[in-house]
Amino acid sequence: MTAGSESAACLGQVTKTYGPVKVLDIPRLDLARGQIVAVVGENGAGKSTLMGVLSGTVTPSTGTIEVAGRPLAPGRPDHARELGVALVAQEFPLVGRLSVAENLLLGRLVVDRPAARAEARALLAEVGVGQVDVDRMVERYPVPVRQMIEIAKAWGHHPVVLILDEPTSSLGPVEAGRVLELARRHAAAGGAVLFIGHRLDEVQAVADRVIVLRGGRLVADLSPHEATEERMIREMVGSELARADLAPPPSVERARTLSVRGLTADGLGPVDLEVRAGEIVGVAGLMGSGRSRLLHTLMGAQPRTAGEVLLDGADFRPRHPADAVEAGVGLVPEDRKAQSLLPAHSVRWNVTLATLRRISRRGVLRPRRDKEHAARIIEDLGVRLHSHEQPISDLSGGNQQKAVFGRWLAAQPKLLLLDEPTRGVDVGAKAEIYALIDEAAQGGLAVLVASSELEELLWICHRIVVMAHGRIVADLPRDRFGKEVIMTAAAGTQSAAAPQRKAST
């Protein structure tokens, strides 16, 4: 804490143990008013536990926490909110069957409904999403919009300490910029921000101070000048992080795995697109551009209204995701908790879901073969765990995501659709996932990956298509890659942002 600054929160001798394992050990941490403190570390480093202790959702084993000079009752989230702590969690706890307005004002006695809706609209406008319909059910909005609604909800509490846990993980660059500006505004108004992030460029852009956790311990406390990307990664992983070179693009003679002509759906199209065997094609665009909608339509999760889709030259018309899986298409969705995992079930069960038919005999699952199959997937993907039978919800985000990848790679699909494949994943796990994607493509798998992280697309893709308003507005080969080119096309301000490239015949 800088000299003379007032403390917004202070943690002293805080530890947390689960059985014999100490997952957090923080001798002292001060958060000053007017300061944005970024917290970085690998999955499992203790970031979520630290956040939980300060927000009252985790009871520390030892130690004290003060907020604005007042002691926080351990394990009391209601008391934390009362003292002025607001948390924007990565897995946001919105109630899908309630309206946006009801979620924003949840827990408050609402008598004047028109006034409540007006207040909800004002909150959404403050965070830059004033176009959201406050009377619409939250579950009808995609993950990026729900993320902004959760931020608006926290903002409405006028907190002393605002905790942002991966607040931009599902957002595009423009929306992420709005969130960073909100953090700056909160600090400028005298609040404190605890910013937990994996996007190191955002950490560098917004943080007044960077603390690094490794193995539950605070191993570095860096000034903005000290917090270079190389230094942060070295402190996080304890060594330099090596990254393999991307394989060259596949030959144009390779067969087209996916061919799309005039595809339309609700809010999408018309879209023309092709992906060849062994090719990694990225899909970039701002929030609401249609990235996820395109993948969900291809997967059969959203009905198409027109157009032709060919998979390995054959007509592909899935009416349900199960049809797509049967035809050889897999999807790693952006919201793994809600759309991909069975959180209460074992890691073994989660990784074998897509291959149960293959390891069954006449519809009867053979337990021994199931266990052997799961063990191979877990070992091949490097999933770190204590037991194959532990609930997958016990794993870190990076290991959960690797398990989901393992499920689909084991199914040996023709086409793999990836929607925000490294959302909520640390830099070390990202590098491992990138290597998995590259290795699968070298083996002939066609990959279509939608991501809000431009760095990710620039790093792993052979080609990038840019979407705006449900259409592809640019198709960029690797020698034309560039953040400015992509963002200009995504914003619809590039006169040369080419119309879609016509596929060769």
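This tour goes from one helix residue to the nonpolar cores and then to two charge–ring contacts. The model is predicted, so local features need pLDDT of at least 70 and side-chain atom pairs count only at pLDDT 80 or more, while totals for chains, interfaces and linings use all residues. Residues are numbered from 1 along each chain as its sequence is written, and side-chain values use heavy atoms, with hydrogens and water left out.

Select Val203 to begin, which is found in helix H7, residues 200-206 (a helix being a DSSP run of H or I of at least four residues, numbered from the N terminus). Val203 counts as buried because its relative accessibility is 1%, where buried means under 20% relative accessible area with a 1.4 Å probe, protein chains only. Leaving out residues up to four places away in sequence, Val203 touches Ala38, Val40, Phe195, Gly197, Val210 and Met232, contact meaning heavy atoms within 4.5 Å.

Move next to Val210, whose contacts beyond four places in sequence include Ala38, Val40, Val203, Ala220 and Met232.

Now display the largest nonpolar core, which has 52 residues, with Leu124, Ile149, Phe195 and Val210 having the most contacts inside it; such a core is a set of buried Ala, Val, Leu, Ile, Met, Phe, Trp, Tyr and Cys residues joined through side-chain atoms within 4.5 Å. Helix H5, residues 143-155, gives the most to this core, with seven residues. Apart from this core lies another, of 45 residues, among them Phe405 and Ile486.

Finally, select Lys16, whose charged end sits over the ring of Tyr18, 4.9 Å from its centre (NZ of Lys or CZ of Arg within 6 Å of the ring centre and within 35 degrees of the ring normal), and then Arg136, which lies over the face of Tyr141 at 4.6 Å from the ring centre.

How values were computed. Helices (H or I, at least four residues) and strands (E, at least two) are DSSP runs, numbered from the N terminus. Buried means under 20% relative accessible area, exposed over 50%, partly exposed in between (1.4 Å probe, protein chains only).
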